[in-house]
Amino acid sequence: MEDDDRAGTKTEDSWAAELSPTQFAVTRQCGTERAFSGCFWDEKRAGTYRCVCCHTALFRSQEKYDSGSGWPSFFEAVGDDKLATIRDDSLGMSRVEVRCKNCDAHLGHLFPDGPPPTGLRYCINSASLELAPSDGGDVVRG
Ligand SMILES: [Zn+2]
């Protein structure tokens with residue numbers, strides 16, 4: 001039996017075959033899409049945002065808000081147990097990196113300047129997400 005379907009055992013090559021170049025650069029190489037370049041920063045539809053790699057539900061449209069940053073922003077995740085947070089001191093900044101706990105995909109960063117009630121801003125790359133609309137429409141991949 002192949003165990004390629006288990007996210008944790010996938011090689012970088014198999015991720016590269018499944019993902020678009022942008023999705024791969026963001027999720028597997030900790031890249032950042034350009035502000036206002038992704039497909040979800042201005043997305044208003046109701047639905048669930050899932051990890052583009054392993055399809056785990058991560059965020060919901062109810063907790064999405066317009067931060068003005070050009071990236072999809074959420075003040076709360078579906079559950080803290082879905083995300084891993086890692087200190088990131090790259091680029092001369094001290095930030096908190098957010099990853100999918102299930103498959104280790106890089107998602108974006110977490111900042112302490114979000115709106116009530118949490119005061120948090122999950123600043124997430126569109127390319128690391130897919131939207132499953134509440135109306136049952138087709139899943140949109142970032
Ligand atoms: Zn994942």
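Buried residues make up 31% of the 142 residues in the protein. Keep in mind while you look around that this is a predicted model. The C-alpha atoms fill a box of roughly 50 × 40 × 30 Å along the principal axes. A compact globule of 142 residues would have a radius of gyration near 14 Å, and the protein agrees with that because its own value is 14 Å. Contacts tell us something about the chain as well: of those with a separation of 6 or more, 52% are between residues 24 or more positions apart.

Now for the secondary structure. The protein has two helices and 10 strands. If you walk along the sequence, you meet the pattern α-α-β-β-β-β-β-β-β-β-β-β, with both helices ahead of the strands.

How are the strands arranged into sheets? One open sheet has six strands in the order β3-β4-β8-β7-β6-β5, and its pairing is antiparallel. At its edges sit β3 (64-65) and β5 (83-88), each of which pairs on one side only. Another open sheet has four strands, also with antiparallel pairing, in the order β2-β1-β9-β10. Here the edge strands are β2 and β10 (140-141), and each pairs on one side only.

Let's take a closer look at the four-stranded sheet, starting with β1 and β2. Strand β1 covers residues 47-51 and strand β2 covers residues 57-60; the two run antiparallel and are joined by three bridges. Thr48 has Arg60 in β2 as its bridge partner, and Arg50 stands opposite Ala57 in β2. Together, β1 and β2 form a hairpin with five residues between them. What is the phi of His55, in the turn? For His55, phi is positive, at about 70 degrees.

In the six-stranded sheet, you can follow β4 and β8. Strand β4 takes in residues 73-74 and strand β8 takes in residues 121-124, and they pair in the antiparallel sense over two bridges. Within this pair, Ser73 stands opposite Cys123 in β8.

The table below sets these strand pairs side by side.

| Strand pair | Residues | Sense | Bridges |
|---|---|---|---|
| β1 and β2 | 47-51 and 57-60 | antiparallel | three |
| β4 and β8 | 73-74 and 121-124 | antiparallel | two |

To find these features in the viewer, you could begin at the hairpin of β1 and β2, with His55 in its turn. From β1, the order of the four-stranded sheet leads on to β9 and then β10. For the six-stranded sheet, start at the edge strand β3 and follow the order through β4, β8, β7 and β6 to β5.

Methods
Residues numbered from 1 in each chain as written. Predicted model: local features only at pLDDT ≥ 70, side-chain atom pairs only at ≥ 80, totals over all residues. Pairing = 2+ DSSP bridges. Rg over C-alpha atoms; globule rule 2.2 N^0.38 Å. Buried ≥ 20, exposed ≤ 12 C-beta atoms within 10 Å, placed from the backbone. Contact = placed C-beta atoms within 7 Å.
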